[in-house]
Amino acid sequence: MRGTLAVMQKELTTYFASPLAYVVIAIFLCVSGIFFSLGLFFVREASLRSFLPNLSVILLIIVPVITMRLFAEERGSGTIELLMTYPITDTQVVLGKFLAAFVLYLVMIGFTLLYALIVIFYGRPELGPLLSGYLGVALMGACFLSLGLFASSLARSQVVAAVLAFGMLLVLWIVDAAANVLATGPAGTVLSYLSLVRHLDDPVKGVIDTRDLVYFASFIVISLFLTVRSVESARWK
């Protein structure tokens, strides 16, 4: 646990000691602010039901930028060999980097609580769907980050890692589109369950379904497991 926290602290320091974190947060807030304003204008409803699902579109671009350097930078500069000599396991390294990216993500999402306060001030939304919606967004972001971390572990270039992560996340959108096309039948049912974006629908509506929680947890665990295996393979190259 101490090794994981040490890696997380190191990565957070790197994030906030450079302009990356501030640029990412600024861009995210600008784009999300536009989505929030358009949602209020067109939907004319004092809620975040249309805003929260649209965050997945922004994360499609933002997450690869957050995760691209986590392993690719270390591989490209050769410092990953030094990291492997530390008295910590590969699992601790992966968890530490993932938690650092997740903390940055939570900080970024935390600023959007201002939109929630605006909605609460001007309307009377139900707090249940609001809280469960943010829980769903947090879990969806964790899934995106875990997949982006895996992509970064496969590349030596940050640009390649970002493009690879974007491609992997784009596949999730293709799965969702395919599920819409094959709405009926067993194939449509399977694709609908595999669609990450679709598992955000119930939390936004205020419904906490254990199937969604199991899906999010399984997605994160599998992605992190693959990342650990990727790092372990790099150790022997």
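Four salt bridges turn up in this predicted model. Glu-11 is a good place to start, since several of the pairs run through this residue: Lys-10, Glu-11, Arg-69 and Lys-97 are linked in a network of salt bridges. Here are the pairs that involve Glu-11.

| Salt bridge | Closest N to O distance |
|---|---|
| Glu-11 and Lys-10 | 3.3 Å |
| Glu-11 and Arg-69 | 2.9 Å |
| Glu-11 and Lys-97 | 2.6 Å |

The pair of Glu-11 and Arg-69 ties together distant parts of the chain, with Glu-11 in helix α1 (residues 2-17) and Arg-69 in helix α4 (residues 69-77), 58 residues apart. Both Glu-11 and Arg-69 are buried. The pair of Lys-97 and Glu-11 also links distant parts: Lys-97 sits in helix α6 (residues 90-110) and Glu-11 in helix α1, 86 residues apart. Again, both Lys-97 and Glu-11 are buried.

How buried or exposed are Glu-11 and its sequence neighbour Lys-10? Glu-11 has a relative accessible area of 1%, so it counts as buried, the cut-off being under 20%. Lys-10, with a relative accessible area of 39%, is partly exposed because that value falls between 20% and 50%.

Now for the chain as a whole. Its secondary structure consists of 12 helices and zero strands, so if you are looking for a sheet, the count of strands is zero. Of the 237 residues in the chain, 47% are buried. Among contacts with a separation of 6 or more, 76% are between residues 24 or more positions apart. The chain exposes about 11,900 Å², and carbon and sulfur atoms supply 73% of that area.

Helix α3 (residues 51-67) deserves a closer look. What span should its 17 residues have? At 1.5 Å a residue the expected value is 24 Å, and the end C-alpha atoms are 24 Å apart, so the two agree. There is nevertheless a kink of about 45° in α3, centred on Leu-59. The helix is mostly covered, with 12 of its 17 residues buried. Leu-59, at the centre of the kink, is one of the buried residues. Others in α3 include Phe-51, Leu-52, Leu-55, Ser-56, Ile-58 and Leu-60. Towards the end of the helix, the buried residues include Ile-62, Val-63, Pro-64, Ile-66 and Thr-67.

On the surface there is a nonpolar patch of about 910 Å². Which residues make this patch? They are Leu-114, Leu-117, Ile-118, Ile-120, Phe-121, Tyr-122, Leu-127 and Leu-131. Helix α7 (113-122) and helix α8 each supply at least two residues of the patch, and α7 gives the largest share, six residues. Leu-127 is one of the patch residues and lies in helix α8. With a relative accessible area of 52%, Leu-127 is exposed because the cut-off is over 50%.

Helix α8 (residues 127-153) also holds Ser-132. In contrast to the exposed Leu-127, Ser-132 is buried, at 7% relative accessibility. Which residues does Ser-132 contact once its neighbours within four places in sequence are left aside? The partners are Pro-203, Gly-206, Val-207 and Ile-208.

Two more residues round off the tour, one in helix α9 and one in helix α10. Asp-176 lies in helix α9 (residues 158-181) and counts as buried, at 12% relative accessibility. Leaving out residues up to four places away in sequence, Asp-176 touches Ser-195 and Arg-198. The C-alpha atoms of Asp-176 and Val-197 are separated by 7.1 Å, although the two residues are 21 residues apart along the chain.

Ser-192 has its place in helix α10 (residues 185-194). Is Ser-192 buried or partly exposed? With a relative accessible area of 22%, Ser-192 is partly exposed, since buried would require under 20%. Ser-192 and Ala-178 are 14 residues apart along the chain, and their C-alpha atoms are separated by 8.4 Å.

Terms used
Residues numbered from 1 in each chain as written. Predicted model: local features only at pLDDT ≥ 70, side-chain atom pairs only at ≥ 80, totals over all residues. Heavy atoms only, no water. Helix = DSSP H or I, 4+ residues; strand = E, 2+ residues; numbered from the N terminus. Buried < 20%, exposed > 50% of the residue type's maximum accessible area, 1.4 Å probe, protein only. Contact = heavy atoms within 4.5 Å. Expected span 1.5 Å × (residues − 1). Bend = angle between axes of the 7 residues up to and from the residue. Patch = residues over 30% accessible without salt bridge, like charges linked within 9 Å, V, L, I, M, F, W, Y side chains within 5 Å. Areas by Shrake-Rupley, 256 points an atom, 1.4 Å probe, with all protein chains shown as cover. Salt bridge = Lys/Arg side-chain N within 4 Å of Asp/Glu carboxyl O.
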